[in-house]
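Q: I should like to learn how to read the sheets, helix contacts and ligand shell of a structure. Could we work through an example together?

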Amino acid sequence: MKDDTPQRDAIIKVRGLRNQFGPQVVHDNLDLNVWRGEVLGIVGGSGTGKSVLLRTIVGLNKPAAGTIEVLGTNVLTAPEEERRKVETRWGVAFQDGALFSSLTVLQNVMAPMREHLKLSTNLMKELGALKISLVGLPQLACDKLPSELSGGMRKRAALARALALDPQIVFLDEPTAGLDPVGAAAYDDLIGELQRSLGITVFMVTHDLDSLYAICDRIAVLAEKRVLVEGPIETMTDVDHPWVQEYFTGPRARAAQVKGIGGA
Ligand SMILES: Nc1ncnc2c1ncn2[C@@H]1O[C@H](COP(=O)(O)OP(=O)(O)OP(=O)(O)O)[C@@H](O)[C@H]1O
């Protein structure tokens, strides 16, 4: 892929990525740029490898080929210490929250701090409580176990944990899946607000057209084992590809567009 906007700072650069599980090739020669400070929405049909892409960038899946640079570090070849350092500069919130079930919300948020920072427990508690209020959870949520929270609260708790180390990049896998429309819109507002106030870059896998219209600066479409196209959402209707056409010009897209314009 040609970088047609070289003046922008790519906080994540993926080149020639190949992911394969046995005979199944999921990604082949996939390229992607994520610009610093943007909210990038990753979309594509079911099974096109959106989650695998996220998992590969954060090191949970080892690709068959390719390079991945995050904040200037080649995360696939960097020495352990350098890799760990760059890992502290991103946070991940998985679809189901993936919180430690036997730890309270506050303990969950403190877990990355315990692993990477040398701070007193009291300070970590204070910082943890701050992150918990930052994502709009009440302080009484601090002492609850994940099983004692609603689905929407669990997603916010997972986001608080993702923000634990003041990351520059947040990866979100299907953040609004399973939320009712009001909860999903509130979550979108929160992400937009955090992105604006903290200047973080957001890499978001989603099926949620409302989220795409409400908060994404750009969209990357996965199809045919690669990033078929990337660009602002308004440009998607011009893409001559059956899935992209159906997705971005269907009735749900039209409804989401109207809402997005109304909410902007
Ligand atoms: N660890 C694994 N072992 C084998 N196959 C895998 C593994 N992880 C993912 N796959 C396969 O890779 C393909 C892409 O999976 P992925 O979860 O990334 O899709 P997706 O685009 O996120 O789909 P959806 O929108 O349905 O969540 C699927 O066919 C899946 O079965």
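**Reading strands, helices and a ligand shell**

A: Leucine 17 stands opposite leucine 30 in strand 2. We shall begin from that pair, bearing in mind that this is a predicted model.

Q: How many bridges join strand 1 to strand 2, and do the strands run parallel or antiparallel?

A: Strand 1 (residues 10-21) and strand 2 (residues 24-35) run antiparallel and are joined by eight bridges. The hairpin they form has two residues between the strands, and glycine 22 takes a positive phi near 60 degrees there.

Q: Which residues stand opposite each other where strand 1 meets strand 4?

A: Strand 4 (residues 65-70) is joined to strand 1 by five bridges, and these two strands run antiparallel. Arginine 18 stands opposite alanine 65 in strand 4, and valine 14 stands opposite isoleucine 68. As a general idea, side chains in a regular strand alternate between the two faces of the sheet.

Q: What is the order of the strands in this open sheet of four strands?

A: The order is 2-1-4-5, with antiparallel pairing. Strand 2 and strand 5 (73-74) each have a single partner strand, so each of these edge strands has one side without a neighbour in the sheet. Helix 1 packs on this sheet, where it touches strand 1, strand 2 and strand 4. The direction of helix 1 makes about 115 degrees with that of strand 1.

Q: What joins strand 4 to strand 5?

A: Two bridges join this antiparallel pair. Valine 70 stands opposite threonine 73 in strand 5. The hairpin of strand 4 and strand 5 has two residues between the strands, and leucine 71 takes a positive phi near 50 degrees in it.

Q: How is the open sheet of six strands to be read?

A: One reads its strand order and then its pairing: the order is 6-7-8-3-9-10, and the pairing is mixed. Strand 6 (90-93) and strand 10 (226-231) are the edge strands, each pairing on one side only. From one strand to the next, the twist averages 20 degrees. Helix 1 packs on this sheet too, touching strand 3 (39-44), strand 7 (169-173), strand 8 (201-205) and strand 9. The direction of helix 1 makes about 140 degrees with that of strand 8.

Q: In which sense do strand 9 and strand 10 pair?

A: Strand 9 (residues 218-223) pairs with strand 10 in the antiparallel sense, over five bridges. Alanine 220 stands opposite glutamate 230 in strand 10.

Q: How are two packed helices described?

A: They are described by the angle between their axes and the distance between the axes. Here, helix 3 (residues 105-116) and helix 5 (residues 151-162) have axes that come within 8 Å and cross at roughly 30 degrees. These two helices are therefore roughly parallel to each other. Helix 3 passes helix 5 in a right-handed crossing. Helix 3 makes the contact with Val105, Asn108, Val109, Ala111 and Pro112, and helix 5 with Ala157, Ala160 and Arg161. By class, six residues of this contact are nonpolar, one is polar and one is charged.

Q: At what angle do helix 3 and helix 4 pack?

A: Helix 3 and helix 4 (residues 121-134) pack at an angle of about 120 degrees, and their axes are 9 Å apart. That angle makes helix 3 oblique to helix 4. The crossing of helix 3 and helix 4 is right-handed. On helix 3 the contact is made by Val105, Leu106, Val109, Met110, Met113 and Arg114. On helix 4 it is made by Met124, Lys125, Leu127, Gly128, Ala129, Lys131 and Ile132. The residues of this contact divide into nine nonpolar, one polar and three charged.

Q: Which residues surround the ligand?

A: A shell is read by listing its residues, then their source and class. The ligand is surrounded by Phe21, Val26, Gly44, Ser46, Gly47, Thr48, Gly49, Lys50, Ser51 and Val52. Helix 1 (residues 50-57) gives the most to this shell, with three residues. By class, the shell around the ligand has three nonpolar, six polar and one charged residues.

Methods:
Residues are numbered from 1 along each chain as its sequence is written. This is a predicted model: local features need pLDDT of at least 70, side-chain atom pairs count only at pLDDT 80 or more; totals for chains, interfaces and linings use all residues. Axes are lines fitted to C-alpha atoms, for helices over the stretch in contact, and angles run from 0 to 180 degrees between N-to-C directions. Angles under 35 degrees count as roughly parallel, over 145 as roughly antiparallel, 65 to 115 as roughly perpendicular and the rest as oblique. A crossing is left-handed if the near helix is turned anticlockwise from the far one by less than a right angle, and right-handed if clockwise. Two residues are in contact if their C-beta atoms, placed from the backbone, lie within 7 Å. Ala, Val, Leu, Ile, Met, Phe, Trp, Tyr, Cys and Pro count as nonpolar, Asp, Glu, Lys and Arg as charged, and the others, Gly among them, as polar. A residue is near a molecule or strand if its C-beta atom, placed from the backbone, lies within 6 Å of it. Two strands pair if DSSP finds at least two bridges between them.
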